Amino acid sequence: PPIKSPLVYDKGVVFRVQILAVRNNLPSTSSLQDRFSLSDDIIENYQDGIHRYSVGAFQTYKEALRYSYVLKGKGVYDAFVVAYKDNMRIHITAEMKEQ
């Protein structure tokens, strides 16, 4: 299950599952929660002119990948793993996938 500690969102590298990216921010994330029957908190990050919406906070890529399959089973077909460091999206390296 995702890590619930708020500290994880701000410190170090955390893996999340992105479910949507749009230019104009959503007025509320509750529409996404309702549409996909999600109980997770949806995290919004604005970076490079894009609003990215993701769920979960995992210590490893593999945990987040497993959760992306759960979300795809709920109809979130575009779900994929992303990484954040200090709340900024970063590139996922091959080494990160192996840990």
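These questions and answers cover selected residues and aromatic pairs in a predicted model.

User: Is Val13 buried, partly exposed or exposed, and what is its relative accessibility?
Analyst: Val13 is found in strand β1, residues 13–22. Partly exposed covers the range between 20% and 50% relative accessible area. Val13 therefore counts as partly exposed, at 38%.

User: Which residues does Val13 touch, not counting residues up to four places away in sequence?
Analyst: Contact here means heavy atoms within 4.5 Å. With residues up to four places away in sequence left out, Val13 touches Tyr84, Lys85, Ile90 and Met96.

User: Which backbone oxygen does the side chain of Ser68 reach?
Analyst: Ser68 sits in helix α2, residues 61–73. At 1% relative accessibility, Ser68 counts as buried. Its side chain comes to 2.6 Å from the backbone oxygen of Leu65.

User: How many aromatic pairs are there?
Analyst: Ring centres must lie within 6.5 Å to pair. By this rule the count is 2.

User: Why is the pair of Phe15 and Tyr61 edge-to-face or stacked?
Analyst: The ring centres are 6.2 Å apart. Planes over 60 degrees apart count as edge-to-face. The planes of Phe15 and Tyr61 stand at 80 degrees, so the pair is edge-to-face.

User: How many residues apart are Phe15 and Tyr61?
Analyst: Phe15 belongs to strand β1 and Tyr61 to helix α2. The pair links distant parts of the chain, 46 residues apart.

User: What is the angle between the planes of Phe58 and Tyr67?
Analyst: Both Phe58 and Tyr67 are buried. Their rings lie 5.5 Å centre to centre. The pair is tilted, with the planes at 45 degrees.

Terms used. Residues are numbered from 1 along each chain as its sequence is written. This is a predicted model: local features need pLDDT of at least 70, side-chain atom pairs count only at pLDDT 80 or more; totals for chains, interfaces and linings use all residues. Side-chain values use heavy atoms; hydrogens and water are left out. Helices (H or I, at least four residues) and strands (E, at least two) are DSSP runs, numbered from the N terminus. Buried means under 20% relative accessible area, exposed over 50%, partly exposed in between (1.4 Å probe, protein chains only). A polar contact is a pair of N or O atoms within 3.5 Å; within protein, one must be able to donate a hydrogen and the other to accept it, and residues adjacent in sequence count only if both atoms are side-chain atoms. Rings of Phe, Tyr and Trp (its six-membered ring) pair if their centres lie within 6.5 Å; planes under 30 degrees apart count as stacked, over 60 as edge-to-face and the rest as tilted.
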